[in-house]
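Colleague: Could you take a close look at one part of this model, the packing of its interior, and then follow the charged pairs from there? I would like one connected account, with the cut-offs stated.

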Amino acid sequence: MDNTAFIALGSNMGDRFEFLKKAVHLLSEHHDIRLVNSSSIYETDPVGYEDQDLFLNMVVKVTTNLSAEHLLDTCLQMELDLGRKREMKWGPRTIDLDILLYNQENIETEKLITPHPRMAERAFVIIPLLEIEKDIIIQGMEKPLHFYLSNIPDKEGVRIWKRKNGEGVFAPTES
Ligand code: GSY
């Protein structure tokens, strides 16, 4: 599997944990995707449209034979397979799979932009991403991502909910 991608997962409708688990399972089962690592699960205050339920968020690292475009189509299909519901653009959703990074590529198509344009402002993305890739460098940024953590708003809105490999246990992969 030649390409490395990071995918953010989020849910704030229905059985949030079940949606995340099923999405991780679908990724790990796909014959062109290998799940390399996954973060703990965080409960997070909604960002943007705030009058909605708390999210569960996490990030996974995968390697894949799929092109970025095909990986995107695969993620969108997984959302549909999981019965994705989303009534409004920034509103509640059963499951979201957002490609954050695809190799070190700057992709700009109608359907996909990498690095994800809003990832650097979102503590609910950065905190789980740094958990699994603490020295990650994002193209276009001068310093490794962790340098920016102190400037990111809403950090207190991101709380560990199920620790990877902790009691409970949510442990799809080891790092
Ligand atoms: O883009 C992801 C959907 N989303 C989220 C999310 O996943 N987590 C939190 N905490 N807030 C969000 N606002 C939106 S839109």
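Modeller: L71 is a good place to begin: leaving aside residues up to four places away in sequence, L71 touches A5, I7, I33, T64, L66, I99 and Y102, where contact means heavy atoms within 4.5 Å. This is a predicted model, in which local features need pLDDT of at least 70 and side-chain atom pairs count only at pLDDT 80 or more, while totals for chains, interfaces and linings use all residues. Residues are numbered from 1 along each chain as its sequence is written, and side-chain values use heavy atoms, with hydrogens and water left out.

L71 belongs to the largest nonpolar core, which has 29 residues and in which I7, L9, V60, L71 and L97 touch the most other members. The elements that each give two or more residues to this core are strand 1 (3–11), helix 1 (16–29), strand 2 (33–38), strand 4 (55–64), helix 2 (68–81) and strand 5 (96–102), and helix 1 supplies the largest share, six residues. Another core lies apart from it, with 19 residues, among them M119, F124, I136 and I152. A nonpolar core here is a set of buried Ala, Val, Leu, Ile, Met, Phe, Trp, Tyr and Cys residues joined through side-chain atoms within 4.5 Å; buried means under 20% relative accessible area, exposed over 50%, and partly exposed in between (1.4 Å probe, protein chains only). Helices (H or I, at least four residues) and strands (E, at least two) are DSSP runs, numbered from the N terminus.

Turning to charge, the whole structure holds nine salt bridges, each a side-chain nitrogen of Lys or Arg within 4 Å of a carboxyl oxygen of Asp or Glu. One of them joins the side chains of E43 and R16 at 2.9 Å, N to O, and links distant parts of the chain, since E43 is in strand 3 (residues 41–44) and R16 in helix 1, 27 residues apart. E43 is buried at 17% relative accessibility, and R16 is buried at 18%.

Within helix 1, E18 and K21 form a salt bridge whose closest N and O atoms are 3.5 Å apart; being three residues apart, they are separated by about one helical turn. E18, at 30%, is partly exposed, and K21, at 33%, is partly exposed.

D73 and K111 meet in a salt bridge of 3.1 Å, N to O. Because D73 lies in helix 2 and K111 in the loop between strand 6 (107–108) and strand 7 (113–114), this pair ties together parts that are 38 residues apart in sequence. Finally, salt bridges that share partners join E79, R84, R93 and D96 into one network.
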